[in-house]
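Colleague: Please give me a close look at the aromatic rings here, and at what sits around them. Put the cut-offs in as you go.

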Amino acid sequence: MRIGIKLMLVVAAARVAAAPAHAQRQSLADRVGALEQQMYNNSANQDLLNQINQLRQQVTSLQASIEQLQHDNAQLKQSAQDQYLDLDSRLNRLEGGNAAPALPPVPASAPKAAPAPAKPAVAATSERPPSVHGDAGSLAATGDERTSYNVAFDSLKAGKYDDSAQLFLSFLQLYPNGVYAPNALYWLGESYYATRNFPMAETQFRELLARYPTHDKAAGGLLKVGLSQYGEGKVDQAQQTLETVVAQYPGSDAARTAQDRLQSIRLGKQIR
């Protein structure tokens, strides 16, 4: 009896002694698991940090590329503007040169007259004479017309554009259908154009084209219509007119000037 009781006590004592060891083993496993989870979390956080750093580097690189592109674009715009201004300046000089024409010579078919007094060297060059058809008597009758035309023309050559405009108007009133009427219409338009009176200039050049569409100054007249429109700010209309000049008069001086002005207009549109 006593032996049985002792055995039960021994077993109970063994169970009590074994319980803390099991609990310790369980607690250690939990701690190891927690550490492993922490290590895993730390590894994931590190990967995330690495990705963030890579994204930051990419953003920095993209910003540098954008700044370089902006710089290049600004240089291209400045270069285009410089080209436009240079071309515009050269065209203005070219157009200004048309406003200083020379005196037209007497038509070859006219009867011989007394030699004219010597002219200064500046008047030595000449514009193409008007095409005149008729007998010698009819040609001789243009003497007073030629004198009136010369007075207006000399004023234009001297750069007195307001005076030349009035003189050409007077000439056209006296000789509305005269031999030099087409030339007078053209130079009247040039007188207005030189003083930047573009609407009046366009009106005169259009009248020249309406009355004398096959005259040798028709190409220049159409060119000046386009340039007058450009001066008025009618850029789209001017572009259409200048394209017509290039199409109708290929290879002419008027077509080349029109092509240069078209290039200037296109450059101007690109930099706006």
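**The aromatic rings**

Modeller: Let's start with the tally: there are 9 aromatic pairs, a pair being two rings of Phe, Tyr or Trp (the six-membered ring for Trp) with centres within 6.5 Å, called stacked if the planes are under 30 degrees apart, edge-to-face if over 60, and tilted for the rest. Take Y149 and F171: their planes are at 65 degrees and their centres 5.8 Å apart, so this one is edge-to-face. The pair ties together distant parts of the chain, with Y149 in helix α3 (residues 143-157) and F171 in helix α4 (residues 161-174), 22 residues apart. Helices here are DSSP runs of H or I with at least four residues, strands are runs of E with at least two, and both are numbered from the N terminus.

Before going on, bear in mind that this is a predicted model, where local features need pLDDT of at least 70 and side-chain atom pairs count only at pLDDT 80 or more, while totals for chains, interfaces and linings use all residues. Residues are numbered from 1 along each chain as its sequence is written, and side-chain values use heavy atoms, leaving out hydrogens and water.

Back to that pair: Y149 has a relative accessible area of 0%, so it is buried (under 20%; exposed is over 50% and partly exposed in between, with a 1.4 Å probe and protein chains only). F171, at 1%, counts as buried too. Another edge-to-face pair is Y186 with W187, because their planes are at 85 degrees and their centres 4.8 Å apart. Y186 and W187 are both buried. These four belong to one aromatic cluster, made up of Y149, F153, F168, F171, Y175, Y180, Y186, W187 and F205.

Now for the charges. K217 puts its charged end over the ring of Y186, 4.8 Å from the centre; to count, NZ of Lys or CZ of Arg has to be within 6 Å of the ring centre and within 35 degrees of the ring normal. K224 does likewise with Y193, lying over its face at 4.0 Å from the ring centre.

Stepping along from K217, you reach A218, in helix α7 (residues 218-231). A218 is buried, with a relative accessible area of 1%. Setting aside residues up to four places away in sequence, A218 touches L209, Y212, P213 and Y249, where a contact is heavy atoms within 4.5 Å. Its C-alpha is 7.2 Å from that of L208, 10 residues away in sequence.

One backbone oddity deserves a look as well. R196, in the loop between α5 (181-194) and α6 (198-211), has a positive phi, near 65 degrees. Most residues other than glycine have a negative phi. In contrast to the rings above, R196 is exposed, at 62% relative accessibility.

And the setting for all this? The chain has 9 helices and 0 strands. Of its 272 residues, 31% are buried. Among contacts with a separation of 6 or more, 60% are between residues 24 or more positions apart.
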